[in-house]
Protein chains: 2
Amino acid sequence: MRSSLAEQQETMEAGAAALQPPSVRQQAVLDAVLALMVEGGEQLTMDAVARRASCSKETLYKWYGDRDGLLTATVQWQASRVHAGREAVQALDGTTLREHLQDFAVSWLTVITSRTSVALNRIAVAHAGSRKSNLGGIVLANGRFAIGERVKPVLEAGRAAGLLAFADSEAAFRTFFGLVGRDIQIRLLLGEALDLDADEIRRDAGRAVDQFLALYGQAKA
Amino acid sequence: MRSSLAEQQETMEAGAAALQPPSVRQQAVLDAVLALMVEGGEQLTMDAVARRASCSKETLYKWYGDRDGLLTATVQWQASRVHAGREAVQALDGTTLREHLQDFAVSWLTVITSRTSVALNRIAVAHAGSRKSNLGGIVLANGRFAIGERVKPVLEAGRAAGLLAFADSEAAFRTFFGLVGRDIQIRLLLGEALDLDADEIRRDAGRAVDQFLALYGQAKA
DNA sequence: CCAGTACCGTACCGTACGGTACGCTCGATA
DNA sequence: TATCGAGCGTACCGTACGGTACGGTACTGG
């Protein structure tokens with residue numbers, strides 16, 4: 001008996017890339033799930049997914065094992081296309097450092113304010129309450145922690161170039177994270193409307209970067 | 001026909017104080033709900049609540065109208081005992097300003113890391129997804145916004161005393177909020193263990209206050 | 001002592017939803 | 001053309017849970 005996708009995932013760590021990427025048809029199913037999550041009008045039931053994806057429930061169960069498996073696959077599918085590869089960090093000067101940080105801040109704000117992210121995080125948070133199949137862990141691994149791992153090398157390169165001063169890059173990153181996100185994510189998750197356009201995001205990101213550099217920058221920056 | 005508590009609440013704005021505080025027995029019921037939320041082992045069903053509170057389901061429905069009414073009342077009950085009254089802000093010097101900010105930071109961190117807050121926020125976030133009865137709004141009003149309204153006068157007093165410099169107290173508060181909370185709340189909501197003891201909270205708060213003062217403090221501070 | 005009220009405990013109802021079974025179609029392979 | 005597997009649509013099952021009904025009990029006011 002061929003092992004189902006669900007069984008396959010069980011042995012994996014949260015957030016690891018899927019061993020076997022979903023087929024095109026499977027991607028369409030997962031996109032249907034995302035669409036339903038985002039619209040939110042309808043309950044996210046297996047029937048609704050099947051109807052939306054024009055597939056049978058039996059297929060859903062064959063592919064994903066159970067409802068949790070489907071949700072997990074959806075979260076991973078979304079995660080798989082969010083973060084691009086990490087580019088190598090070469091020598092930095094003050095300007096490029098600032099640009100890098102600005103880019104991170106903008107893309108992070110863009111992600112967390114997107115309807116998809118809000119919907120997905122809501123599901124994951126709700127799920128984290130009732131244990132079993134840690135969607136929360138996957139979301140954290142691909143969100144907060146993934147960006148941390150991408151930002152920290154930049155911070156360290158900044159320090160190596162004498163532009164930044166800090167002892168612990170993790171702590172420095174967390175401060176950056178706080179300055180960028182502030183109360184935005186929790187307000188969105190709790191249902192506030194609060195939509196930022198690209199301009200506001202850029203300004204917000206700029207302010208956060210300025211503040212971060214004010215706290216951690218060396219004279220040279 | 002006497003209007004039920006649920007109907008009574010409908011006409012109120014999110015987060016306003018209850019017109020008629022719950023009776024002692026009703027408080028016990030709401031505490032039972034909170035206890036169930038925090039333990040999380042059991043599903044939060046009306047049956048479970050009735051069993052835990054040793055009351056009949058019929059009574060629950062009489063008092064609260066429906067499940068949402070019960071949840072709403074629970075959130076408001078918890079909110080009602082979280083925030084103490086706002087003390088008047090008198091003249092500030094650098095030391096007392098720092099103390100005030102430190103107190104806010106400590107109490108905010110203590111709240112958001114408490115199991116009760118995490119459980120309640122999870123419920124509210126989940127609820128915010130499916131519209132109807134805005135628990136999210138209530139939680140926001142009594143959490144994030146309530147503390148904002150308490151902190152901003154202190155910031156303004158600090159500015160009046162020449163200790164702080166900022167144009168917009170809301171923006172300054174949001175920075176403070178971000179520096180204090182960082183990634184803590186979202187990590188907890190998404191299920192990370194991450195328990196801070198009182199010492200860590202105090203250190204964290206101190207760091208946040210230092211950073212805030214570094215950004216907004218005037219020479220005098 | 002009697003009515004009325006509040007409320008507990010429990011049984012019950014309806015339905016929504018997770019999960020399964022099955023018949024049918026369609027495309028691929030021999 | 002016959003066979004087969006993948007997968008769609010639909011019907012079905014069991015159960016959990018929101019909500020209601022009702023009998024029994026204890027307390028209160030007359």
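A sugar or linking oxygen of DNA strand D is 3.5 Å from a polar backbone atom of Ser54(A). The model is predicted: local features need pLDDT of at least 70, side-chain atom pairs count only at pLDDT 80 or more, and totals for chains, interfaces and linings use all residues. Residues are numbered from 1 along each chain as its sequence is written, chains are lettered from A and ligands numbered from 1 in the order in which they are written, and side-chain values use heavy atoms, with hydrogens and water left out.

**DNA strand D**

- There are 15 residues around DNA strand D, and Ser56(A), Lys57(B), Glu58(B), Tyr61(B) and Arg67(B) come nearest. A residue is near a strand if one of its heavy atoms lies within 4 Å of it.
- Sugar or phosphate holds 57% of the strand D atoms within 4 Å of the protein; bases hold the rest.
- The side chain of Arg25(A) has an N or O atom 3.0 Å from a phosphate oxygen of strand D.
- For Arg67(B), the distance from a side-chain N or O atom to a phosphate oxygen of strand D is 2.9 Å.
- Two elements give two or more residues to this surface: α4 (57–64) of chain A and α4 (57–64) of chain B. Helices are DSSP runs (H or I, at least four residues), numbered from the N terminus.
- The surface near strand D has four nonpolar, five polar and six charged residues. Ala, Val, Leu, Ile, Met, Phe, Trp, Tyr, Cys and Pro count as nonpolar, Asp, Glu, Lys and Arg as charged, and the others, Gly among them, as polar.

**DNA strand C**

- DNA strand C is surrounded by 15 residues, with Lys57(A), Glu58(A), Arg67(A), Ser56(B) and Thr59(B) the closest. Of the strand C atoms that come within 4 Å of the protein, 56% are sugar and phosphate.
- Lys57(A) reaches a base: a polar side-chain atom lies 2.6 Å from a base oxygen of strand C.
- Phosphate oxygens of strand C lie 2.9 Å from a polar side-chain atom of Arg67(A) and 3.0 Å from a side-chain N or O atom of Arg25(B).
- α4 of chain A and α4 of chain B each supply at least two residues here. By class, the surface near strand C has four nonpolar, five polar and six charged residues.

**Interface of chains A and B**

- Contact (heavy atoms within 4.5 Å) links 41 residues of chain A with 41 residues of chain B.
- The buried area is about 3,100 Å², with 64% from carbon and sulfur atoms. Buried area is the accessible area (1.4 Å probe) that two parts lose on being put together, summed over both.
- Arg174(A), Arg182(A) and Leu190(A) supply 22% of the area that chain A buries against chain B, more than any other three residues.
- The chains share four salt bridges, a salt bridge being a side-chain nitrogen of Lys or Arg within 4 Å of a carboxyl oxygen of Asp or Glu. Asp183(A) and Arg144(B) meet in a salt bridge at 2.0 Å, N to O.
- The chain A side that touches chain B has 17 nonpolar, 13 polar and eleven charged residues.

**Arg182(A)**

- Arg182(A) sits in the loop between α10 and α11 of chain A. Arg182(A) is buried, at a relative accessible area of 10%; buried means under 20% (1.4 Å probe, protein chains only).
- Beyond its neighbours within four places in sequence, contacts of Arg182(A) include Arg207(A), Arg174(B) and Phe177(B).

Key:
A polar contact is a pair of N or O atoms within 3.5 Å; within protein, one must be able to donate a hydrogen and the other to accept it, and residues adjacent in sequence count only if both atoms are side-chain atoms. Buried means under 20% relative accessible area, exposed over 50%, partly exposed in between (1.4 Å probe, protein chains only).
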